[in-house]
Amino acid sequence: MNRVLRVLSVLGVLWATGELSAQHRPRTITFDEAVKIALTQNATLRQASNAASLDAVAVQQAKMQFLPDLRLSAQTAQNFGRTFSEAEGRTLNETTQSINTGVSSSVVLFNGFANLAELREAQLAQDAGDRDLVRARQTAVLAVASGYLALGQQREELRVRQQTLAAEEALEREISAYVDAGVRTIADLYQQQATVAAARLAVVEASRAAE
């Protein structure tokens, strides 16, 4: 609470001195905007989304094991030699180059159902990741809803406290008039003043809670 009050005090000073520019001043957002922010910036939700994406990739990799693979190979060779040319009547230096290419393919016919087990495991992990993602989304939205509900309750409490303070101040004025008229004692006025002070404190505390 003390930390919150210090932050509010600093913001109040900056606001009063004009050092808090308009773009940095707090703005009111709607419930839908708050939900959108939570769904895009919540760290837990981001982690769940990344994990779900990785699980989907793992499923695709497990499915690839059932497909034949294709391998390409290429080899190059270069030979140097000397040959006698009868047409030219002299020995010539020759360089020959060759390239060999190959294509091969294979497919796993049976490996003790290991590939099926890996696929099933990946699918179960994906399902669990999807459920975690849904739960993370619901938790983020619930946090926003809870915050809005708490704010509404705090504002309502502030309104009630303000009404109570107004009523106690009005009663204080009446008792003060009675004291001046000699109908009530000064002790009654002191008692009411203490009640008003307590009501003011309650308003301040409710206002801080709403902030």
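Start by selecting Tyr148. Is this residue buried, exposed or something in between? Tyr148 counts as partly exposed, because its relative accessible area is 32%, and "partly exposed" covers the range between 20% and 50%. Keep in mind as you click around that this is a predicted model.

Zoom out a little and you'll see that Tyr148 sits in helix 4. Now add Thr30 to your selection. Along the chain, Tyr148 and Thr30 are 118 residues apart, yet 9.7 Å separates their C-alpha atoms. Which residues does Tyr148 touch, once you set aside its neighbours within four places in sequence? Light up Ile29, Thr30, Phe31 and Ala34: those are its contacts.

**Next stop: helix 2 against helix 4**

Select residues 31-41, which make up helix 2. The axis of helix 2 comes within 9 Å of the axis of helix 4, and the two cross at roughly 140°. If you like handedness, this crossing is right-handed. To see who meets whom, show the side chains of Phe31, Ala34, Val35, Ala38 and Leu39 on the helix 2 side. Across from them, on helix 4, show Arg137, Ala140, Val141, Val144, Ala145 and Tyr148. So there's your tyrosine again, as one of the helix 4 residues in this contact. Colour the set by class and you get 10 nonpolar residues, no polar ones and one charged.

**Then: helix 3 against helix 4**

Move on to helix 3, residues 43-64, and keep helix 4, residues 114-181, in view. Their axes come within 8 Å and cross at roughly 160°. What does that angle make helix 3 relative to helix 4? Roughly antiparallel, because angles over 145 degrees count that way. The crossing here is left-handed, whereas the one between helix 2 and helix 4 is right-handed.

For the contact, pick out some of the helix 3 residues, including Leu45, Ala48, Ala52, Asp55, Val59 and Lys63. On the helix 4 side, the residues they meet include Glu118, Leu119, Ala122, Gln126, Gly129, Leu133 and Arg137. Arg137 may look familiar, since it also turned up in the contact with helix 2. By class, the helix 3 and helix 4 contact has 12 nonpolar, four polar and six charged residues.

**Last stop: salt bridges**

Why hunt for charged pairs? Side chains of opposite charge can pair when their charged atoms come close. How many salt bridges does a search of the whole structure find? Six, and we'll visit some of them.

- Select Arg131 and Asp127, whose side chains form a salt bridge with an N to O distance of 3.0 Å. They are four residues apart in helix 4, so about one helical turn lies between them. Arg131 is exposed at 55% relative accessibility, while Asp127 is partly exposed at 36%.
- Slide along helix 4 to Arg159 and Glu156, where the closest N and O atoms of the salt bridge are 2.3 Å apart. This pair is three residues apart, again about one helical turn. Arg159 is partly exposed, with a relative accessible area of 36%, and Glu156 is partly exposed at 36% too.
- Finish at Arg184 and Asp188, another salt bridge, with the closest N and O atoms 3.0 Å apart. Here Arg184 is partly exposed at 33% relative accessibility, and Asp188 is partly exposed at 29%.

Key:
Residues numbered from 1 in each chain as written. Predicted model: local features only at pLDDT ≥ 70, side-chain atom pairs only at ≥ 80, totals over all residues. Heavy atoms only, no water. Axes fitted to C-alpha atoms, helices over the stretch in contact; angles between N-to-C directions. Parallel < 35°, antiparallel > 145°, perpendicular 65-115°, else oblique. Left-handed = near helix turned anticlockwise from the far one by under 90°. Contact = heavy atoms within 4.5 Å. Nonpolar A, V, L, I, M, F, W, Y, C, P; charged D, E, K, R; others polar. Buried < 20%, exposed > 50% of the residue type's maximum accessible area, 1.4 Å probe, protein only. Salt bridge = Lys/Arg side-chain N within 4 Å of Asp/Glu carboxyl O.
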